[in-house]
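Trainee: Could we walk through this one together? I would like to learn how to read it step by step.

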Amino acid sequence: NITVKSFGAVGDGTTDDTERLEQAMEYCFQNGIPVIFPQGTYMIRRPLTLKSHMEIYGIGYATVKKKASSTTTLTQALSENGTTLHVASVTGFEAGDFLLISKDASGVSAARYCSVGYITAIDSTNLTITFKSAYDGIKTGAIQNHESGCYVTNSCAIFRSWGTLYDCEYVYIHDITLDGNRTNGEFGEWC
């Protein structure tokens with residue numbers, strides 16, 4: 001049987017398995033076969049994409065867990081359609097991480113947060129994070145105006161759907177634990 005470990009996923013609770021899980025899920029989707037997670041804890045740093053008619057199974061005690069998030073603040077407003085964040089610290093952020101910006105540390109209101117995209121570069125000298133928008137064709141400035149003092153976190157959902165949540169049908173997830181590793185009072189649905 002083909003499992004996520006066939007694509008090099010380790011599942012040791014420490015190794016970043018994001019790319020290997022993405023490859024396994026895409027292969028299984030393209031070939032119409034279930035995605036199988038053997039026992040283990042698979043760490044991710046950005047959401048895994050679900051597509052219609054996917055089946056995901058855990059064998060034994062399998063867990064998909066997002067890495068603990070880091071939070072900093074914007075030191076300059078994000079310019080409309082900009083792709084560079086000026087931040088107080090880059091500690092804990094890595095290329096490939098998914099970014100979330102919120103108006104307050106709790107991020108409890110959907111009107112107060114915005115998923116931005118994926119980190120493409122980090123400059124620890126100038127304290128900047130460069131990102132690529134997560135949404136093709138949508139300009140960051142059109143989503144929300146991010147002022148100086150907004151919170152930036154490398155938080156992510158475990159899964160996201162292809163397109164929007166409503167475009168993804170008949171997805172089955174069986175016998176697998178999804179661990180959001182929530183810290184810093186993150187938005188409740190990000191689990």
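Trainee: Is strand 3 largely enclosed or open, and how many of its residues are buried?

Mentor: Good place to begin, and keep in mind that this is a predicted model. Strand 3 covers residues 40-44. The rest of the structure largely encloses this strand, because the buried residues in it number four of the five.

Trainee: Which strand does strand 3 join by five bridges?

Mentor: Let's look at its partners in turn. Strand 1 pairs with strand 3 in the parallel sense, over two bridges, and there Asp12 stands opposite Thr41. On another pairing, Ile44 has Lys66 as its bridge partner. That pairing is also parallel and has five bridges, and the partner is strand 5.

Trainee: What follows strand 5, and which side chain does Lys67 meet in a polar contact of 3.3 Å?

Mentor: Lys67 sits in the loop between strand 5 and strand 6. Its relative accessibility is 15%, and buried means under 20%, so Lys67 counts as buried. The side chain at the other end of that 3.3 Å polar contact is Glu94.

Trainee: Why does the salt bridge of Arg45 and Asp16 tie together separate parts, and how many residues apart are they in sequence?

Mentor: Start with the contact: the two side chains meet in a salt bridge, with 2.1 Å from N to O. Arg45 belongs to the loop between strand 3 and strand 4, while Asp16 belongs to strand 1, so the bridge ties together parts whose separation in sequence is 29 residues.

Trainee: Is Arg45 buried or exposed, and what is its relative accessible area?

Mentor: Compare it with its partner. Asp16 has 25% relative accessibility and counts as partly exposed. Arg45 falls under the 20% limit and is therefore buried, its relative accessible area being 10%.

Trainee: Which residue of helix 1 forms a salt bridge with Arg45?

Mentor: In this salt bridge the closest N and O atoms are 2.7 Å apart. The pair links distant parts of the chain, 26 residues apart, with Arg45 in the loop between strand 3 and strand 4. The partner in helix 1 is partly exposed, at 31% relative accessible area, and its name is Glu19.

Trainee: Which arginine in the loop between strand 3 and strand 4 forms a salt bridge with Glu19 at 3.3 Å?

Mentor: Here too the pair links distant parts of the chain, 27 residues apart, with Glu19 in helix 1. The arginine is buried, with a relative accessible area of 12%. Salt bridges that share partners put it in one network with others, including Asp16, Glu22 and Asp97. The arginine is Arg46.

Trainee: How many aromatic pairs does a search of the whole structure find?

Mentor: Let's meet two of them before the count. Phe7 and Tyr27 form a tilted pair, 5.3 Å centre to centre with 50° between the planes. Phe98 and Tyr118 form an edge-to-face pair, 5.1 Å centre to centre with 65° between the planes. Over the whole structure, the number of aromatic pairs is three.

Trainee: What share of the residues in the protein chain is buried?

Mentor: Let's step back to the chain as a whole. It has two helices and 13 strands. Among contacts between residues at least 6 apart in sequence, 66% join residues at least 24 apart. Of the 191 residues in the chain, the buried share is 43%.

Terms used: Residues numbered from 1 in each chain as written. Predicted model: local features only at pLDDT ≥ 70, side-chain atom pairs only at ≥ 80, totals over all residues. Heavy atoms only, no water. Phe/Tyr/Trp six-rings, centres within 6.5 Å; stacked < 30°, edge-to-face > 60°. Buried < 20%, exposed > 50% of the residue type's maximum accessible area, 1.4 Å probe, protein only. Pairing = 2+ DSSP bridges. Contact = heavy atoms within 4.5 Å. Polar contact = N/O pair within 3.5 Å; in protein donor to acceptor, adjacent residues only side chain to side chain. Salt bridge = Lys/Arg side-chain N within 4 Å of Asp/Glu carboxyl O.
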